[in-house]
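Open the model in a viewer with residue selection ready. The stops below go from one strand outward to its neighbours, then to the helices and the interior.

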Amino acid sequence: MSTENPPSALRPLAFIDTETTGLDPFLHDPWEIAVILRVDGHDAEHVYRILPDITEADPEALKINRYFERVQAGGWQWDDPKTAVHRLYALLNGAVVIGSNPAFDAEMLAHLFGLYYEQPRPWHYRTIDVATLAVGSLYGRAAEWTRKDCDADWYRKVNEAVGWPWKSYDASRHVEVEPPAAGSAHTALGDARWARDVYDAVTQPDAFYAASDEQLSQMAGDALTRFHGGDR
């Protein structure tokens, strides 16, 4: 399989998350991996489940990601490891990896890929952490408000809003993205979707400002319909 990377302008975006048996890539395994691959503006969701070795598993990690509850639920199926790894490698080959602390996910996957490939890190060398991206956006706003109001207190307000170390869920809420609900939090696909939504909230304009005249008219019509209970 080729590991040649595509040109930067053509790189897909890969919003990822892994659920693992612990935090140490030398001891622990990723057992659920989600990738939302964005190519030319279109997203495709992929989820793979690989039976881990839980001999050295961290009990707290298994509790947080509800390992036993989920894998014992009806309909759960494990994927063939070799097939899953080859498909994941192809998805991530040359992609820009985006997630919440994606360096952790990337390291876990690198150890997994290392069992099958000489080059265990096929993605672009710079991963993107959506918490850092969101906080940077907030400090950027603080800079604008400071220049507008001649009041540097905006920086203090951002400091208090996001805390230190930065809290990803707080940063997410401040860019108007609700973190995953209890049922989807700490599932690979739920967290990958959340990372995608935070990334989009920071990097894409509000639909109102990007809409055409026809789309604005449709938005206004929909709003009137809701306001009048269906009667315009």
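Select strand β2 and colour it by accessibility: 9 of its 10 residues are buried, so the strand is mostly covered. The model is a predicted one, and the selection for β2 is residues 30–39.

**The hairpin**

Add residues 42–49, which are strand β3. β2 and β3 pair in the antiparallel sense, with 8 bridges between them. Two bridge pairs can be picked out here. Glu32 has Arg49 of β3 as its bridge partner, and Ala34 has Val47 of β3. Between the two strands lie 2 residues, which makes the pair a hairpin. Which residue in the turn has a positive phi? Click on Asp40, where phi is about 55°.

**The other side of β2**

Now show β1, residues 13–20. β1 and β2 are also antiparallel, paired over 8 bridges. Label Thr20 and its bridge partner in β2, Pro30. Then label Phe15, which stands opposite Ile36 of β2.

**The whole sheet**

Display the strands together. In what order do the 5 strands lie? The order is β3-β2-β1-β4-β5, in an open sheet with mixed pairing. β3 and β5 (128–129) are the edge strands, each pairing on one side only. Next, bring in helix α4, residues 102–113. α4 packs on the sheet and touches β1, β2, β4 and β5. The direction of α4 makes about 75° with that of β1.

**A helix pair**

Keep α4 and add α3, residues 81–92. The axes of α3 and α4 come within 11 Å and cross at roughly 130°. That angle falls in neither the parallel, the antiparallel nor the perpendicular range, so α3 counts as oblique to α4. The crossing of α3 and α4 is left-handed. To see the contact, show side chains for Val85, Leu88, Tyr89 and Leu92 on α3, and for Leu109, Leu112 and Phe113 on α4.

**The cores**

In soluble globular proteins, nonpolar side chains tend to be buried together. Here the largest nonpolar core has 23 residues. Which of them touch the most other members? Select Ile98 and Val198. At least two residues of this core come from each of β1, β2, β4 (96–99), α5 (130–149), α6 (153–162) and α8 (188–203). α8 gives the most, 7 residues.

Centre the view on Val198 and show what surrounds it. Leaving aside residues up to four places away in sequence, Val198 touches Val130, Ala134, Ser172, Val175 and Val177. A second core, separate from that one, has 22 residues, among them Ile33, Val97, Phe113 and Tyr117.

**Zooming out**

Finish with the full chain in cartoon view. The secondary structure comes to 10 helices and 5 strands. Of the 232 residues, 40% count as buried. For a contact map, take contacts with a separation of 6 or more: 66% of them join residues 24 or more positions apart.

Methods: Residues are numbered from 1 along each chain as its sequence is written. This is a predicted model: local features need pLDDT of at least 70, side-chain atom pairs count only at pLDDT 80 or more; totals for chains, interfaces and linings use all residues. Side-chain values use heavy atoms; hydrogens and water are left out. Two strands pair if DSSP finds at least two bridges between them. Helices (H or I, at least four residues) and strands (E, at least two) are DSSP runs, numbered from the N terminus. A nonpolar core is a set of buried Ala, Val, Leu, Ile, Met, Phe, Trp, Tyr and Cys residues joined through side-chain atoms within 4.5 Å. Buried means under 20% relative accessible area, exposed over 50%, partly exposed in between (1.4 Å probe, protein chains only). Contact means heavy atoms within 4.5 Å. Axes are lines fitted to C-alpha atoms, for helices over the stretch in contact, and angles run from 0 to 180 degrees between N-to-C directions. Angles under 35 degrees count as roughly parallel, over 145 as roughly antiparallel, 65 to 115 as roughly perpendicular and the rest as oblique. A crossing is left-handed if the near helix is turned anticlockwise from the far one by less than a right angle, and right-handed if clockwise.
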